[in-house]
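Work through the following exercises on charged side-chain pairs and on one annotated stretch of the chain, and compare each step with the structure shown.

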Amino acid sequence: MKFNCDRNELFEVISNVSRAVSPKSTLAALEGILLRAQSGRLYLSGYDLDMGMSASIEANVAEEGEIVLTAKLFVDMIRRMAGERVSIESDAKLLTEIKCGLTEFTILGIPSEEFPELPAVTGDEGFSLPQNMLKSMIDQTLFAIATNDTKPVHTGSLFEMDDNELSVVSVDGFRLALRREKLAGAGEASFVVPGKTLSEISKLLDGESDELVEVSHSRKHIIFQVSGYAVVSRLLEGEFLDYKAAIPPAEGTVVTVSKRALIESVERTSLLISDRLKSPLRVKFDGECIKMSCSTAIGKAYDELTCKIEGPPVEMGFNNRYLLDALRASDCDEVRLVINGPLSPMKMLPPDGENFLFLVLPVRLKAE
């Protein structure tokens with residue numbers, strides 16, 4: 001194999017593809033990037049058996065071939081090289097020369113036959129949506145994905161399509177995040193995509209672009225085509241929470257408040273709370289203001305801010321971090337908080353409509 005290509009283009013692609021590479025594996029090829037030089041292009045792939053990513057760039061190919069190079073070392077080499085073009089040549093014994101400017105490395109490659117084949121997604125089930133819409137839907141629900149494996153299906157987000165609408169739902173036992181968008185021509189489907197896959201896809205997506213992302217799925221796998229990258233992932237199996245039943249139906253107290261002001265108030269009051277000094281945030285919705293306080297071993301904090309309240313006063317306790325995560329994920333200047341009582345989950349919604357809905361479970365307060 002022998003080719004040369006643009007250093008910056010190569011570095012950008014291997015930096016992204018390396019995120020699908022296994023950091024530690026008993027199989028050396030899984031810690032590497034597969035390079036295949038063919039027909040004037042260089043194809044690059046990484047795969048950790050759960051998620052795979054592939055892309056290609058233009059290259060001057062003198063001799064076709066393929067090899068696997070250790071990802072971390074390869075990325076570090078290309079990052080530190082000074083020059084515009086990189087030339088890579090490997091011989092029959094897999095000894096690989098990497099040259100750029102006056103810098104030259106010689107490393108031993110791994111046979112390409114040891115690299116596992118990326119799963120193919122067959123069938124015509126799929127849909128497309130703009131990059132900015134998908135990025136917004138992922139970013140607004142990622143925070144509520146479970147991080148422990150007590151129920152592996154909850155370490156991903158549920159994608160549910162029904163009646164020309166796409167819903168993305170995440171739950172972790174303490175909170176729920178739901179984001180809805182109209183999606184013309186979407187058939188009925190339901191599958192759970194791992195949180196790690198969604199996190200990596202979000203990094204590839206451009207929040208300002210309305211270029212389409214093509215999504216195809218089968219019973220066990222899904223593939224996203226994003227800006228020249230193909231990201232394939234296994235789907236999570238299991239019974240996802242019946243989220244519709246978890247959302248409280250009735251409305252008691254409705255609070256409309258500035259998102260920025262509420263975040264700042266929670267942050268101020270939480271200064272006394274840490275992993276060592278735990279305390280619920282005591283939040284009282286009363287009259288025209290929100291009164292917030294907490295008490296830990298080192299002291300007490302109190303803050304209040306004005307808002308609009310409709311309904312009876314109510315006092316609740318919250319985990320400060322869960323409250324902040326939900327507030328930061330909302331993409332509007334004002335939020336609507338819907339409360340059914342001190343022990344019922346609080347709904348967080350946009351001022352109008354329900355294109356996102358976050359549920360934050362309250363913490364039981366001790367009597368003062």
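**Exercise 1.** Describe the secondary structure and the end-to-end separation over residues 246-364.

*Solution.* Over residues 246-364 of this predicted model, the chain is 18% helix and 43% strand, where helices (H or I, at least four residues) and strands (E, at least two) are DSSP runs numbered from the N terminus. The C-alpha atoms at the two ends of this stretch are 18 Å apart. According to the unreviewed UniProt entry, residues 246-364 are covered by the annotation "domain: DNA polymerase III beta sliding clamp C-terminal"; such positions are given in the numbering used here, feature names are shortened, and annotations may be inferred rather than shown by experiment.

*Conventions.* Residues are numbered from 1 along each chain as its sequence is written, and side-chain values use heavy atoms, with hydrogens and water left out. Since the model is predicted, local features need pLDDT of at least 70 and side-chain atom pairs count only at pLDDT 80 or more, whereas totals for chains, interfaces and linings use all residues.

**Exercise 2.** Determine which parts of the chain are tied together by the salt bridge of Lys196 with Asp48.

*Solution.* A salt bridge is a side-chain nitrogen of Lys or Arg within 4 Å of a carboxyl oxygen of Asp or Glu, and the closest N and O atoms of Lys196 and Asp48 are 3.7 Å apart. Lys196 lies in helix α4 (residues 195-204) and Asp48 in the loop between β3 (41-47) and β4 (51-58), so the pair ties together parts 148 residues apart in sequence. As for accessibility (buried under 20% relative accessible area, exposed over 50%, partly exposed in between, with a 1.4 Å probe and protein chains only), Lys196 is partly exposed at 42%, while Asp48 is buried at 17%.

**Exercise 3.** Analyse the salt bridge of Arg234 with Asp50 in the same manner.

*Solution.* The closest N and O atoms of Arg234 and Asp50 are 2.6 Å apart. Arg234 belongs to strand β17 (residues 229-234) and Asp50 to the loop between β3 and β4, so this pair ties together parts that are 184 residues apart in sequence. Arg234 is partly exposed, with a relative accessible area of 32%, and Asp50 is partly exposed at 38%.

**Exercise 4.** Which elements are linked by Arg268 and Asp303?

*Solution.* Arg268 forms a salt bridge with Asp303, with the closest N and O atoms 2.9 Å apart. The pair links helix α6 (residues 259-269), which holds Arg268, to strand β21 (residues 299-306), which holds Asp303, across 35 residues. Arg268 is partly exposed at 44%, whereas Asp303 is buried at 16%.
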